[in-house]
Amino acid sequence: MSKDTVHTAEVAAHPQATAMPADAGDAGYSKDLKHRHVNMIAIGGAIGTGLFLGAGGRLHNAGPALALAYLVCGVFAFFVVRALGELVLYRPSSGSFVSYAREFLGEKGAYVAGWMYFLNWSTTGIADITAIALYTHYWSMFTSIPQWVLALIALAVVLAVNLISVKIFGEMEFWFAIVKVATLVAFMCVGIFLLATRHEVGGRTPGLSVITDNGGVLPHGLMPVVLVMQGVIFAYAALELVGVAAGETAEPEKVVPRAVNSIMWRVGLFYVGSVVLLALLLPGSVYSADESPFVTVLSKIGVSGAGDVMNLVVLTAAMSSLNSGLYSTGRILRSMAMAGSAPRFTARMNRSQVPYGGILLTCAVCVLGVGLNFLMPDQAFEIVLNVASLGIISTWVIIMVCHLVFVRRARAGLLARPSFRLPGSPVTEIVTIAFLLAVLGLMWNDPEVGRKTLLLVPVVAAALVAGWFAIRRRVAEAAEQELADLTK
């Protein structure tokens with residue numbers, strides 16, 4: 001039983017109660033994130049390694065139809081963030097969806113939500129440090145350095161920065177996002193110029209003929225497009241950061257709606273627009289999984305140093321994603337630790353009001369990723385990409401389930417919905433959940449990685465069950481203490 005559960009019971013008994021539920025994990029944070037920080041965190045969440053690195057391999061496998069996959073997944077990602085945005089305006093919390101799961105699904109729901117999100121971001125961190133190592137190997141001066149060494153250096157640098165303060169984190173994400181957006185806009189301008197002037201790219205004239213002469217929109221059929229869906233979901237995996245960041249901003253009711261509503265056009269412009277341009281400039285077969293597609297294009301147009309500049313930018317994107325992962329898991333784990341469902345040390349904060357315990361735990365898992373880079377440098381990125389997809393799909397499903405319960409309680413008169421709402425409820429939530437579960441099931445059609453990833457589901461489920469039985473007494477004790485504090 002948590003404070004949120006107690007509050008819900010009180011509201012049921014007293015419909016006129018107006019007190020907002022409180023989460024013990026929200027105490028102690030500064031409110032130093034400004035509107036520009038949260039807005040750019042939302043942009044940065046929509047632009048990361050999933051586009052800059054992952055799009056190359058997906059274009060190679062799926063062809064131009066990848067743009068449609070990004071569009072479809074982007075619509076459902078928007079629904080998830082819009083639902084989360086409504087919950088944030090109902091009650092801002094640094095614990096975000098874990099706090100909402102505690103209120104609407106109980107402590108077991110919060111436990112599953114938190115640890116699956118931790119699985120997502122800890123494995124995403126491995127993907128990020130792998131991407132950083134791959135990007136750095138683009139330059140010949142670094143090719144002699146083992147991939148795992150570069151991954152370890154990247155992790156150490158981002159950890160040091162993340163522990164300073166949330167204001168420094170916000171500033172870093174602001175400028176990281178500025179760099180990413182400016183670069184994508186510049187690339188799209190270059191791509192449009194190449195199309196308009198029909199300037200040759202790699203010995204080919206860009207345009208629709210690049211698509212029609214190389215197998216059309218579906219050069220390898222529909223199945224490859226279906227199989228890349230889980231990777232596309234991963235590309236959008238940081239959008240929910242808006243909900244976490246809202247707990248450390250002074251005016252969430254003004255900041256969150258603007259940030260959430262702007263996500264849709266960013267998805268259309270940056271993801272779908274970029275993939276369409278890439279498909280019109282070069283055949284999908286030219287792109288590869290181990291090089292950014294933007295670097296591939298710029299390297300082939302003969303502009304000296306263009307590939308180097310773009311590679312530096314996508315390196316920045318990977319650093320940004322890693323930075324965001326450490327930030328979010330630190331807050332989520334602290335919310336869980338205050339309720340007894342995460343190790344006690346993850347509740348600790350330093351003098352700068354940063355929950356360093358949870359951040360260090362995430363880094364510990366990322367260190368395992370350094371070992372993966374040592375043992376399997378060629379497969380590390382794809383392996384962790386699929387495991388991270390399990391985490392993000394489950395997290396998004398939980399957000400939508402929480403929203404369904406939230407709306408049901410609002411209709412029963414137990415709480416009031418804010419004016420900023422998810423349209424089409426409950427149909428929108430149900431369709432989104434069905435889509436996410438379908439993407440998960442379709443991974444079985446990929447025997448190389450996807451099927452092996454699905455075989456991990458029983459292992460993860462067993463670990464969650466065992467973990468719950470190990471900590472349920474501590475959770476009960478924490479709930480009793482919270483209840484005692486409330487009734488004093």
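Leu 194 is buried, because its relative accessibility is 4%, and a residue counts as buried under 20%. The residue belongs to helix 9, which spans residues 166-197. The model is a predicted one. Its single chain of secondary structure comes to 22 helices and 0 strands, and buried residues make up 60% of the 488 residues.

**Surroundings of Leu 194**

- Beyond its neighbours within four places in sequence, Leu 194 is in contact with His 199, Val 201, Pro 206, Leu 281 and Ile 301.
- One of these partners, Ile 301, lies 107 residues from Leu 194 along the chain, yet the two C-alpha atoms are separated by 9.3 Å.
- Arg 198 is found in the loop between helix 9 and helix 10, the latter covering residues 208-212.
- The phi of Arg 198 is near 55°, a positive value in a residue other than glycine.
- Most residues other than glycine have a negative phi.

**Salt bridges**

- Three pairs are described below; a search of the whole structure finds 3 salt bridges.
- Side chains of opposite charge can pair when their charged atoms come close.
- Glu 86 and Arg 417 meet through their side chains in a salt bridge, with an N to O distance of 2.6 Å.
- This pair links distant parts of the chain, 331 residues apart: Glu 86 sits in helix 5 (residues 66-90), and Arg 417 in the loop between helix 19 (380-411) and helix 20 (427-442).
- Which relative accessible area does Glu 86 have? The value is 0%, so Glu 86 is buried.
- Arg 417 also counts as buried, because its relative accessibility is 18%, under the cut-off of 20%.
- Glu 103 forms a salt bridge with Arg 91, and the closest N and O atoms of that pair are 2.9 Å apart.
- Because Glu 103 lies in helix 6 (residues 96-105) and Arg 91 in the loop between helix 5 and helix 6, their pairing ties together parts that are 12 residues apart in sequence.
- Glu 103 is buried, with a relative accessible area of 4%, and Arg 91 is buried as well, at 3%.
- In the salt bridge of Arg 102 with Glu 107, the closest N and O atoms are 3.0 Å apart.
- Both Arg 102 and Glu 107 are buried.

**Packing of helix 5 and helix 6**

- The axes of helix 5 and helix 6 are 11 Å apart, and the two helices pack at an angle of about 75°.
- Helix 5 is therefore roughly perpendicular to helix 6, since angles of 65 to 115 degrees count as such.
- On the side of helix 5, the residues in contact are Leu 84, Leu 87, Val 88 and Tyr 90.
- Helix 6 meets them with Ser 96, Phe 97, Tyr 100, Glu 103 and Phe 104.
- By class, this contact has 7 nonpolar, 1 polar and 1 charged residues.
- Glu 103 thus appears both in the contact with helix 5 and in the salt bridge with Arg 91.

**Helix 16 and Thr 296**

- Helix 16 is largely enclosed by the rest of the structure, because 6 of its 8 residues are buried.
- The buried residues of helix 16 are Pro 293, Phe 294, Val 295, Thr 296, Val 297 and Leu 298.
- Thr 296 is found in this helix, which runs over residues 293-300, and counts as buried at 3% relative accessibility.
- Leaving aside neighbours within four places in sequence, Thr 296 is in contact with Leu 282, Val 286, Tyr 287 and Glu 291.
- Just after helix 16, Gly 302 takes a positive phi of about 80°.

**Cis peptide bond**

- Ser 425 and Pro 426 are joined by a cis peptide bond, with omega of about 5°.
- Most peptide bonds are trans.
- Pro 426 is found in the loop between helix 19 and helix 20; Arg 417, the partner of Glu 86, is in that loop too.

**The chain as a whole**

- Among contacts with a separation of 6 or more, 79% are between residues 24 or more positions apart.
- The accessible surface of the chain comes to about 18,700 Å², and 66% of it belongs to carbon and sulfur atoms.

Notes
Residues are numbered from 1 along each chain as its sequence is written. This is a predicted model: local features need pLDDT of at least 70, side-chain atom pairs count only at pLDDT 80 or more; totals for chains, interfaces and linings use all residues. Side-chain values use heavy atoms; hydrogens and water are left out. Helices (H or I, at least four residues) and strands (E, at least two) are DSSP runs, numbered from the N terminus. Buried means under 20% relative accessible area, exposed over 50%, partly exposed in between (1.4 Å probe, protein chains only). Contact means heavy atoms within 4.5 Å. A salt bridge is a side-chain nitrogen of Lys or Arg within 4 Å of a carboxyl oxygen of Asp or Glu. Axes are lines fitted to C-alpha atoms, for helices over the stretch in contact, and angles run from 0 to 180 degrees between N-to-C directions. Angles under 35 degrees count as roughly parallel, over 145 as roughly antiparallel, 65 to 115 as roughly perpendicular and the rest as oblique. Ala, Val, Leu, Ile, Met, Phe, Trp, Tyr, Cys and Pro count as nonpolar, Asp, Glu, Lys and Arg as charged, and the others, Gly among them, as polar. Accessible areas come from the Shrake-Rupley method with a 1.4 Å probe; for residues, only the protein chains shown count as cover.
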